[in-house]
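Colleague: I'd like to go through this model with you, one feature at a time. Could you give me the general idea each time, and then the case in front of us?

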Amino acid sequence: MATTIYGIKNCDTMKKARAWLEEHGVDYTFHDYKTAGIDKDRLARWSKAVGWETLLNRAGTTFRKLPDAEKTDLTEKKAMALMLAQPSMIKRPVLDVGGKLLVGFKPESYAAAVE
């Protein structure tokens, strides 16, 4: 089963998630938004699967630094444009385990998905 983890290399939550995968012997591919970006079609599939509200990291520094006009009256279209322009606004990590998506890191969810 193909497993890919999406995020940013230096994010603390990403480090915990990757360490968990390694400790549990899960082979995975790491996709770094900073170097590889994210394509519109993949983001649209994720949004359809888990909802744009789940994907958008409103608690992150990048989102909080936006002008108020960009943060208010969010729609899926507006949120998708923000995440495509600045992938660090995508909640991390996104784990794709054979097509099943997990957003965020919870050890118990990872265990259920990969073991």
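Colleague: Let's begin with Trp-46: which residues is Trp-46 in contact with, leaving aside its neighbours within four places in sequence?

Modeller: The general idea is that in soluble globular proteins, nonpolar side chains tend to be buried together. This is a predicted model, and in it Trp-46 is in contact with Tyr-6, Tyr-33, Ile-38, Gly-51, Leu-55, Ile-90, Val-94 and Leu-101.

Colleague: And which residues touch the most other members of the largest nonpolar core?

Modeller: That core has 32 residues, and Trp-46 is among those touching the most other members, along with Tyr-33, Leu-56, Met-83, Ile-90, Val-94 and Tyr-110. As for where the core comes from, the elements giving two or more residues to it include strand 1 (3-7), helix 1 (12-23) and helix 3 (40-50). Later along the chain, helix 7 (76-85), strand 3 (94-97) and helix 8 (107-114) are also among them.

Colleague: Stepping back, how many helices and strands are there in the chain?

Modeller: You'll find 8 helices and 4 strands. Follow the sequence and the pattern goes β-α-β-α-α-α-α-α-α-β-β-α. The radius of gyration is 14 Å, close to the 13 Å the globule rule gives for 115 residues, so the chain is as compact as a globular protein of that length. If you'd rather think in box dimensions, the C-alpha trace spans about 45 × 25 × 25 Å along its principal axes.

Colleague: What share of the 115 residues is buried?

Modeller: Buried residues make up 41% of them. On the outside, the chain exposes about 6600 Å², with carbon and sulfur atoms supplying 48% of that. For contacts, take the ones with a separation of 6 or more: residues 24 or more positions apart account for 61% of those.

Colleague: Can we try that on single residues? Which residues does Thr-54 touch, not counting those up to four places away in sequence?

Modeller: Thr-54, in helix 4, touches Lys-91 and Val-103. Thr-54 and Val-103 are 49 residues apart along the chain, yet their C-alpha atoms are separated by 7.4 Å. With a relative accessible area of 32%, Thr-54 is partly exposed.

Colleague: Now Ser-88: buried or exposed?

Modeller: The cut-off for buried is under 20% relative accessible area. Ser-88 has 16%, so Ser-88 counts as buried. Ser-88 lies in the loop between helix 7 and strand 3, and beyond its sequence neighbours up to four places away Ser-88 touches Ile-8, Lys-34, Asn-57 and Thr-62.

Colleague: What about backbone geometry? How should I read a phi or an omega?

Modeller: Start from the usual picture: most residues other than glycine have a negative phi, and most peptide bonds are trans. Here, Asp-73 has a phi near 50°, a positive value in a residue other than glycine. Asp-73 sits in the loop between helix 6 (68-71) and helix 7, and is exposed, with a relative accessible area of 69%.

Colleague: And which residues does a cis peptide bond join?

Modeller: Arg-92 and Pro-93, with omega about -15°. Pro-93 is found in the loop between helix 7 and strand 3, where Ser-88 lies too.

Colleague: One last thing, charges: how many positive and negative side chains does the chain have?

Modeller: There are 19 positive and 15 negative ones, and the centres of the two sets lie 4 Å apart.

Note on methods:
Residues are numbered from 1 along each chain as its sequence is written. This is a predicted model: local features need pLDDT of at least 70, side-chain atom pairs count only at pLDDT 80 or more; totals for chains, interfaces and linings use all residues. Side-chain values use heavy atoms; hydrogens and water are left out. A nonpolar core is a set of buried Ala, Val, Leu, Ile, Met, Phe, Trp, Tyr and Cys residues joined through side-chain atoms within 4.5 Å. Buried means under 20% relative accessible area, exposed over 50%, partly exposed in between (1.4 Å probe, protein chains only). Contact means heavy atoms within 4.5 Å. The radius of gyration is taken over C-alpha atoms; the globule rule is 2.2 Å times the number of residues to the power 0.38. Accessible areas come from the Shrake-Rupley method with a 1.4 Å probe; for residues, only the protein chains shown count as cover. Lys and Arg count as positive and Asp and Glu as negative; His and the chain ends are not counted. The place of a charge is taken as NZ of Lys, CZ of Arg, CG of Asp or CD of Glu.
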